[in-house]
Amino acid sequence: MSVLVNKNSKVIVQGFTGNEGTYHATQMIEYGTNVVGGVTPGKGGQTHLDRPVFNTVKEAVEKAGADVSIIFVPPAFAADAIMEAAEAGIKVIVCITEGIPTKDMIQVKEYIADKDCRLIGPNCPGIITADEAKIGIMPGFIFKKGNVGVVSKSGTLTYEAVDQVVKAGLGITTAIGIGGDPIIGTPTKDAVELLMNDPDTHGIIMIGEIGGGMEAEAARWIKEHGTKPVVGFIAGQTAPPGRRMGHAGAIVGGAEDTAAAKMKIMSECGIRVVESPAGIGAAMAEELAKLA
Amino acid sequence: MNIHEYQGKQILKSFGVRIQEGIVADTPEQAVEAAKKLKEDFGSDWVVVKAQIHAGGRGKGGGVKLAKNLDEVKQRASDIIGMQLITPQTGAEGKKVNKVLIAQDVYYPGESETKEFYVSVLLDRSRGRNIIMYSTEGGMDIEEVAEHTPHLIFKEEIDPKVGLQGFQTRKIAFNLGLSGNAFKEMTKFIAALYKAYEATDSSMFEINPVLKTSDDKILAVDAKVNLDDNGLFRHPDYAAMRDTTEEDPTEVEASESNLNYVKLDGNVGCMVNGAGLAMATMDIIKIAGGEPANFLDVGGTANATTVKAAFNIILKDPNVKAILINIFGGIVRCDRVAQGVIDAYKEIGDIRVPIIVRLQGTNAEEAKKLIDESGLKVFSAILLKEAADLVSEVLA
């Protein structure tokens, strides 16, 4: 078991024939991901990386049975690509693109609200179920199969945490990079909930950063519904205030915006909070050892 | 992206938002000409001289002054232009004023009392929707209003399906206690303001104060406009409004090399790939007994050129006593980064602070070998914990 994606997922790549799409699709295929084709409007009928190219996502769903899509489309066209995937019936949409205007994402969020799909990202490293499917840009070789689920806003910090987990003798079920933009499809709480309901995941690592209230929301959910140990880390304890958000925004975000405030709330909700990013793997190992 | 008040007002006006009219000036002479023109066009006898810097609280620092005649305009403008303006938002060193906005006096006496309000438009991240936040307590620090009288702050959410509706603008005007012509004016003002916010891809508007004049007009006396960096590709005319003299020169240089850099006050510089890991690296510097001197994300393509640019930027800061390079190689191969570090080090030559290089991920072992065999005064590590210990060691 795992969450969102596994070896049976039928994956398509939107922006398949571009540089980014080609490079990462190749890596995903090497990892063993079941990539069934890709979409590049106007290039339908061609073959790329030994797989069919379709003009539309709808066609890819009908002809190749695609149920998962990964998007490598430039920022100006990415919102459109997400909505096309949602409309075509794709169940899991992973958007890697960084730099999508917030205005576009407000529309996307509204558009997909009543569609039967889950959006991961944008501006994220993707998702990976160890040894089964990599739908993202992460270095596959660091992920060993195991019982720890990871939820993170950040790319390289996820790799750091995963590497520590593996060096501590543990492994990963699914790692979900939720993305760092102000509007994302799957907030921390939803990703934690998915992993909490996965029987193969025995412990969860939750990595956040300054800004927004997602970690506090997730922590409160965990306090109420949590059944597994959660290790948490918040990046940006030393970040200067006010560099990322105007002061009116800080009011809406409330006092739960800073690293210290988030860590306090997480601790109060029963999460094992580590202060040093070097201690994430060891803390998870300790928590899992308590269960044994 | 931040822009000046005068630029923000130009944008608002182009969408039909009524503003306090004004003319920007670089010199006291231009300021006098501007005041004459305002008198001609709007009959404004008095004018306000307003320092144009990217920070709020300008009035508190002496950057906003009333002038009652042309001599005073010249005097005030020459006082303000060139001054180092210190406000609660600039930090202790303040910001140099290069331009002033000569603005019409809108607090003239008349049939009714003037009244100031607060209005902002911004994204509510938790809802993924824009809101209009407003208050009867205009002209004050909104943080203080939020702390002491939170019941005087109202929020109106905009449904992206249909946009801002008439009943919402009426609700806002009613909640602000307006009636008659001022009420109508406010509904128009809010509608135009929101239209401008959407059309410009803005990430925040803060209009404080919004003024009801003594003859019941509603207008923006100040305008803080933040544009969404990600939306600028659609607005080259707004992108051209960027004033790099308002930014830290090192940060500008960094952005030209595609490095995301923020200067801080500590003693340990760092160079990291990825924003999250960069923040985590700053945190580990602190835990190791240092203070981070900067945030620096080299992005997904750390090579000799970017590493060299990053070195040069970090070394400009005289407070830096050590540099920690922390790269987790995914797509980026660690041995390439290591070679970049070695090449940059040799090219710059005179690096007098210890450097700790921690490379993990793709080809990490090869990278460590390259660094160790380079003969340079560089400490290498593979685990983050080891890197932290090395930081403590070199600072001791």
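# Briefing: charge pairs, a packed helix and a buried loop residue

E287(A) has a relative accessibility of 12%, so this glutamate counts as buried, the cut-off being under 20%. Keep in mind that you're looking at a predicted model. E287(A) pairs up with R272(A) in a salt bridge, with 2.8 Å from N to O. That's one of the contacts picked out below, after a quick tour of the two chains.

**Chain A overall**

- Chain A carries 10 helices and 14 strands.
- Its radius of gyration is 19 Å, which agrees with the value near 19 Å expected for a compact globule of 292 residues.
- Laid along the principal axes, the C-alpha atoms of chain A fill a box of roughly 55 × 45 × 30 Å.
- Some 60% of the 292 residues in chain A count as buried.
- If you take the contacts in chain A with a separation of 6 or more, 73% of them come from residues 24 or more positions apart.
- The exposed area of chain A is about 10700 Å², and 51% of that is supplied by carbon and sulfur atoms.
- On the charge side, chain A has 26 positive and 33 negative side chains, with the centres of the two sets 1 Å apart.

**Chain B overall**

- Chain B has 13 helices and 18 strands.
- Its C-alpha trace spans about 85 × 50 × 40 Å along the principal axes.
- Of the 396 residues in chain B, 54% are buried.
- Among the contacts in chain B between residues at least 6 apart in sequence, 66% join residues at least 24 apart.
- Chain B exposes about 17000 Å², with carbon and sulfur atoms supplying 50% of it.
- The charge count for chain B is 46 positive and 58 negative side chains, and the two sets have centres 2 Å apart.

**Salt bridges**

- Side chains of opposite charge can pair when their charged atoms come close.
- Over all chains, the structure holds 45 salt bridges.
- Back to the opening pair: the side chains of R272(A) and E287(A) meet at 2.8 Å, N to O. R272(A) sits in strand 14 (residues 272–273) of chain A and E287(A) in helix 10 (residues 280–291) of chain A, so the bridge ties together parts that are 15 residues apart in sequence.
- The two partners sit in unlike surroundings: R272(A) is partly exposed at 28% relative accessible area, whereas E287(A) is buried at 12%.
- In chain B, E157(B) bridges to R127(B), with the closest N and O atoms 2.7 Å apart. This pair links distant parts of the chain, 30 residues apart: E157(B) belongs to strand 9 (residues 153–157) of chain B, and R127(B) to the loop between strand 7 (115–124) and strand 8 (129–135) of chain B.
- E157(B) is partly exposed at 24% relative accessibility, and R127(B) is partly exposed too, at 41%.
- K368(B) and D372(B) also form a salt bridge, at 2.9 Å from N to O. The two are 4 residues apart in helix 12 (residues 364–373) of chain B, so about one helical turn separates them.
- An α-helix has 3.6 residues a turn, so residues three or four places apart point the same way.
- K368(B) is partly exposed at 26%, and D372(B) is partly exposed at 43%. Elsewhere, salt bridges with shared partners join E110(A), R127(B), R129(B), E157(B) and K161(B) into one network.

**Helix 9 of chain A**

- Helix 9 (residues 259–268) of chain A has A259(A), A261(A), K262(A), M263(A), I265(A) and M266(A) buried.
- The buried residues of this helix pack against strand 12 (203–209), helix 7 (214–225), strand 13 (230–235) and strand 14 of chain A.
- After helix 9 comes G270(A), which has a positive phi near 90 degrees.

**I96(A), a loop residue**

- I96(A) is found in the loop between strand 6 (92–95) and helix 4 (102–112) of chain A.
- With a relative accessible area of 9%, I96(A) is buried.
- Setting aside neighbours within four places in sequence, I96(A) is in contact with I70(A), I71(A), F72(A), N123(A), C124(A), P125(A), G126(A), G136(A) and I137(A).
- E132(A), 36 residues from I96(A) along the chain, has its C-alpha atom 19 Å from that of I96(A).

Note on methods: Residues numbered from 1 in each chain as written. Chains lettered and ligands numbered in written order. Predicted model: local features only at pLDDT ≥ 70, side-chain atom pairs only at ≥ 80, totals over all residues. Heavy atoms only, no water. Rg over C-alpha atoms; globule rule 2.2 N^0.38 Å. Buried < 20%, exposed > 50% of the residue type's maximum accessible area, 1.4 Å probe, protein only. Contact = heavy atoms within 4.5 Å. Areas by Shrake-Rupley, 256 points an atom, 1.4 Å probe, with all protein chains shown as cover. Lys, Arg positive; Asp, Glu negative; His and termini not counted. Charge placed at Lys NZ, Arg CZ, Asp CG, Glu CD. Salt bridge = Lys/Arg side-chain N within 4 Å of Asp/Glu carboxyl O.
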